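Student: I would like to learn how to read a structure like this one, strand by strand and then around the ligand. Could we walk through it together?

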Amino acid sequence: MNDTKNKLSGPDFVKGVALSKVVDGAMLLGHAHGDPVLLARRGDELFAIGAICTHYGGPLADGLLVDDTVRCPWHHACFSLRTGGVLRAPALDPVSCWRVEQRDGSVYVREKLARTKHQHSPVTAGAPKAVVILGGGAAGNAAAETLRREGYSGPITMLSADASVPCDRPNLSKGFLAGAASAESNPLRPPAFYLEHSIDLKLGAPVASVDTKSRHVQLVDGSRHAYDALLLATGAEPVRLDVPGAALRHVHYLRTLAERASRRDAPSRHHSHFHR
Ligand SMILES: Cc1cc2nc3c(=O)[nH]c(=O)nc-3n(C[C@H](O)[C@H](O)[C@H](O)COP(=O)(O)OP(=O)(O)OC[C@H]3O[C@@H](n4cnc5c(N)ncnc54)[C@H](O)[C@@H]3O)c2cc1C
Ligand code: FES
């Protein structure tokens with residue numbers, strides 16, 4: 001989601017910085033090999049990760065250091081200092097991670113470390129045999145991604161009443177509405193992502209009922225899906241205006257990518273309604 005070009009500031013960590021300048025429990029912004037880098041210290045341990053949040057480019061150096069993690073100051077995504085891995089939404093992608101070396105009272109940032117790929121392990125005892133996620137919004141998407149990232153290899157089905165893949169809903173009323181962001185940038189992931197990660201995403205699939213006894217969900221079209229674990233991530237509907245004029249032609253509700261696309265060229269004022 002973050003595609004801004006980053007300016008470099010602070011010390012060049014490749015040339016080294018005095019250990020005394022890297023205070024225990026604090027973060028130092030600098031750069032290495034042309035990338036903005038955050039150097040952090042926890043006791044004797046030193047970490048170097050990308051300084052820019054992969055969500056919307058928040059400055060991680062202004063965030064919060066908690067144990068071996070850093071929280072973005074903008075929308076509180078959480079990254080591991082050890083791997084750069086993303087531990088909490090709304091960011092979806094990791095930041096880079098570099099090897100750090102201490103020598104003669106100085107700290108050096110060396111080469112970038114390869115990203116660790118999670119091994120997909122067979123479904124182990126106690127893990128659900130099949131997961132159904134009811135909802136194709138940011139929450140459902142994050143759940144499906146996290147399951148795969150943490151090695152769950154069983155079937156994952158996402159059922160969404162939406163016509164489009166999970167999208168960056170907040171941006172529909174901001175950069176996308178203003179025309180500054182393209183339609184292609186709005187989906188959280190391209191459709192191929194779900195195929196690659198064996199996430200069976202079913203769009204235009206409204207669920208009519210859940211039978212918790214037989215562990216099935218039934219779609220409006222009558223088809224059924226068995227689950228072992230079910231996640232309800234159905235979000236909320238916009239609050240409808242109940243005032244005179246609410247039914248006028250130029251009052252619109254904006255919630256989905258499809259609604260935004262149909263409104264894009266409408267010569268009227270747009271109203272977006274937040275969920276309850
Ligand atoms: C225009 C707009 C701007 C916003 N701006 C901001 C902002 O600036 N900051 C902020 O914090 N928040 C903002 N929000 C709110 C934010 O987008 C939501 O809080 C967030 O999208 C919630 O994610 P979710 O996955 O929980 O639910 P949702 O995104 O609502 O997704 C719910 C999913 O469940 C599906 N679903 C529901 N019922 C069924 C069913 N019976 N069967 C099958 N599928 C079903 C829906 O089709 C959808 O895919 C904005 C919202 C909108 C619409
Ligand atoms: S920019 Fe970091 S969480 Fe949004």
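Tutor: Gladly! Let's begin with one pair: Ala48 has Trp98 in β9 as its bridge partner. Keep in mind that this is a predicted model.

Student: How far apart are the C-alpha atoms of Ala48 and Trp98?

Tutor: They are separated by 5.4 Å, although the two positions lie 50 residues apart along the chain count. Ala48 belongs to strand β4, residues 45-50, and β4 pairs with strand β9, residues 97-103, in the antiparallel sense over 2 bridges.

Student: What holds paired strands together in general?

Tutor: Strands of a sheet pair through backbone hydrogen bonds, and the pairing is either parallel or antiparallel. Here β4 also has strand β3 (residues 35-42) as an antiparallel partner, joined by 6 bridges. One of the pairs to look for is Leu38 with Ile49 in β4.

Student: What should I look for in the hairpin of β3 and β4?

Tutor: The hairpin has 2 residues between the strands, and Gly43 takes a positive phi near 60°.

Student: Is Ala48 buried or exposed?

Tutor: The cut-off for buried is under 20% relative accessible area. Ala48 has 1% relative accessibility, so this residue counts as buried. Beyond its neighbours within four places in sequence, Ala48 is in contact with residues including Val37, Leu39, Cys97, Val100 and Val109.

Student: Why is β4 described as largely enclosed by the rest of the structure?

Tutor: Because 5 of the 6 residues of β4 are buried.

Student: Now to another sheet. What is the strand order in the open sheet of 4 strands?

Tutor: The order is β5-β6-β7-β8, with antiparallel pairing. β5 (64-66) and β8 (86-88) are the edge strands, each pairing on one side only. On average, neighbouring strands of this sheet are turned by 30° against each other, direction ignored.

Student: How many bridges join β7 to β8?

Tutor: There are 2 bridges between strand β7, residues 78-80, and its antiparallel partner β8. To find the register, look at Cys78, which stands opposite Arg88 in β8.

Student: Which residue of β7 deserves a look at its side chain?

Tutor: Try Ser80, which sits in strand β7. Ser80 is buried, with a relative accessible area of 9%. Its side chain reaches the backbone nitrogen of Thr83 at 3.2 Å. Leaving aside neighbours within four places in sequence, Ser80 is in contact with Ile49, Asp68, Gly85 and Leu87. Ile49 brings us back to the first strands, as the bridge partner of Leu38.

Student: Let's turn to the ligand. How many residues surround ligand 1, and which are the closest?

Tutor: 26 residues surround ligand 1, and the closest are Asp162, Arg169, Lys174, Val207 and Arg255. Both α1 (138-149) and α2 (169-172) supply at least two residues of the shell.

Student: Which polar atoms approach ligand 1?

Tutor: Among them, a polar side-chain atom of Arg255 lies 2.5 Å from an oxygen atom of ligand 1. A backbone N or O atom of Ala139 is 2.8 Å from an oxygen atom of the ligand. A polar backbone atom of Ala161 is 3.0 Å from a ligand nitrogen atom. The protein covers 77% of the 1000 Å² of accessible area that ligand 1 has on its own.

Student: And what does the protein look like overall, in helices and strands?

Tutor: The protein has 5 helices and 17 strands. Of its 276 residues, 38% count as buried.

Methods:
Residues numbered from 1 in each chain as written. Chains lettered and ligands numbered in written order. Predicted model: local features only at pLDDT ≥ 70, side-chain atom pairs only at ≥ 80, totals over all residues. Heavy atoms only, no water. Pairing = 2+ DSSP bridges. Axes fitted to C-alpha atoms, helices over the stretch in contact; angles between N-to-C directions. Buried < 20%, exposed > 50% of the residue type's maximum accessible area, 1.4 Å probe, protein only. Contact = heavy atoms within 4.5 Å. Near = heavy atom within 4 Å. Polar contact = N/O pair within 3.5 Å; in protein donor to acceptor, adjacent residues only side chain to side chain. Areas by Shrake-Rupley, 256 points an atom, 1.4 Å probe, with all protein chains shown as cover.
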